[in-house]
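Student: I'm new to this structure and a bit lost when I look at the whole thing. Could you pick a single part and take me through it slowly?

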Amino acid sequence: GLGSKLVGSGSAVPKLTISNDDLAQIVETSDEWISVRTGIRNRRVLTGNETLGGLAAEAAKGALLMAEVEADAVDLVILCTSTPDDLFGGGSQIQRDLGCKNAWAFDITAACSGFIIGLITATRFIKGGGFQNILVIGADALSRNVDWTDRGTCILFGDAAGAVLVQACNSEEDGLLGFDVHSDGNGHRQLHALATYDHAAESNGTRLFPPKRSSYSCIQMNGQEVFRFAVRCVPQSIEAALEEAGIPSSSIDWLLLHQANQRIIDAVAGRLEIPHEKVISNLANYGNTSAASIPLALDEVVRAGKVQAGNTIATAGFGAGLTWGSAIIRW
Ligand code: ACO
């Protein structure tokens with residue numbers, strides 16, 4: 001049978017850093033409140049002519065270089081994002097920018113679970129045959145959808161991109177060992193950014209025109225519910241993925257969760273009895289970068305030489321939908 005393995009990673013972040021003290025100038029908050037409640041100190045935000053697609057392409061380029069795979073050997077580009085530059089999708093623009101002339105491309109929208117769902121999707125394509133190299137990119141710019149007057153949400157998010165190259169291999173070399181994924185639309189109202197409609201055309205007396213889509217509302221979140229959901233569901237999901245992989249949690253080398261809140265990370269690690277030294281965290285520097293957070297942190301620890309060939313990494317994403325899922329990776 002066909003297995004799949006990760007053969008490269010890359011990442012990119014915007015230039016501008018916004019610190020907690022900077023935020024304290026625009027909303028009533030403090031460095032202390034934000035650090036204690038979330039672990040976040042800085043985040044990056046797109047400015048000027050930086051684009052989400054630009055970040056995504058840079059991250060993907062890094063993954064191809066590490067893997068020593070040429071752009072024209074890529075068969076498929078999967079862009080996991082909830083904030084594309086184009087409502088019709090951003091994957092094809094990255095395919096063009098990278099020169100992946102033999103690849104087709106599409107987007108996956110699943111907020112903070114996007115990267116895990118993208119990874120699962122890539123392995124299914126490879127298992128089905130006919131795909132050798134698949135780029136999975138997690139990229140988000142939630143700064144575009146944040147209400148910068150809402151201190152409950154604007155302190156949390158940052159913009160970034162991360163990417164991995166997933167390659168077909170024989171099943172003995174399989175590097176994606178187990179998965180688990182869920183949706184529960186009943187929790188949709190806990191975290192969303194709804195499409196808003198301009199009903200002016202309806203209310204001016206004529207019903208000839210359909211209501212126009214005008215934009216999306218800012219992120220609305222019930223922080224405490226999302227917190228409880230993550231701490232309840234993520235450990236169960238990781239345990240299910242470990243079971244599929246046939247690996248006990250004691251032999252995990254690294255725990256890499258979606259970087260939403262340090263208290264969530266600590267609580268999940270505690271429930272799984274994974275010691276502090278095995279927990280990967282970089283959210284102090286970048287905040288919650290949604291679909292980008294897992295590949296961004298992965299790329300950092302790979303390039304730092306912390307994660308080494310053969311290490312087992314338990315990863316999990318969770319967020320809007322509600323969606324959540326886990327992947328057990330052998331690097
Ligand atoms: N600075 C100062 N005070 C604040 C701030 C702020 N930035 N934000 C809220 N407060 C106040 C509130 O108004 C409230 O005041 P009150 O008691 O006078 O009403 C008080 O602090 C407590 O507010 P809570 O919302 O109860 O604070 P909590 O301890 O739950 O922390 C937080 C809020 C950090 C958002 C937390 O709930 C959390 O991290 N939840 C998880 C959210 C998350 O990770 N979402 C993303 C996951 S999914 C995805 O990635 C898209």
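Tutor: Sure, and keep in mind that this is a predicted model. Let's start at the ligand. There are 22 residues around the ligand, and T29, C112, G223, A260 and G319 come nearest. Helix 2 (31-38) and helix 7 (223-245) are the elements that give two or more residues to this shell. Sorted by class, the shell has 11 nonpolar, 9 polar and 2 charged residues.

Now, G319 is a handy way into the part I'd like to look at closely. Besides being among the residues that come nearest to the ligand, G319 falls in strand 14, which covers residues 312-319. Strand 14 belongs to an open sheet of 4 strands, with the order 8-15-14-13 and mixed pairing. At the edges stand strand 8 (176-183) and strand 13, each with a single partner strand, so each has one side without a neighbour in the sheet. From one strand to the next, the twist averages 10°.

What does "mixed" look like here? Follow strand 14 to each of its partners. Strand 13 runs parallel to strand 14, and 4 bridges join the two. With strand 15 (residues 323-330), strand 14 pairs in the antiparallel sense, over 8 bridges. In general, strands of a sheet pair through backbone hydrogen bonds, and they can do so in parallel or antiparallel fashion.

You can trace this across the sheet through I313. On the strand 13 side, I313 is the bridge partner of W254. On the strand 15 side, I313 stands opposite I329.

Let's stay with W254 for a moment, as strand 13 (residues 254-257) is worth turning around on your screen. In a regular strand, side chains alternate between the two faces of the sheet. In strand 13, W254 and L256 sit on one side, with L255 and L257 on the other. These four residues are buried, so both faces of strand 13 are covered, going by the cut-off of 20 or more other C-beta atoms within 10 Å. Strand 13 is an edge strand, then, yet it is covered on both faces.

Finally, zoom out. The protein has 10 helices and 15 strands, and 48% of its 331 residues count as buried. Its C-alpha atoms fill a box of roughly 65 × 45 × 35 Å along the principal axes. The radius of gyration is 20 Å, which agrees with the value near 20 Å for a compact globule with 331 residues.

Definitions and conventions: Residues numbered from 1 in each chain as written. Predicted model: local features only at pLDDT ≥ 70, side-chain atom pairs only at ≥ 80, totals over all residues. Rg over C-alpha atoms; globule rule 2.2 N^0.38 Å. Buried ≥ 20, exposed ≤ 12 C-beta atoms within 10 Å, placed from the backbone. Near = placed C-beta within 6 Å. Nonpolar A, V, L, I, M, F, W, Y, C, P; charged D, E, K, R; others polar. Pairing = 2+ DSSP bridges. Axes fitted to C-alpha atoms, helices over the stretch in contact; angles between N-to-C directions.
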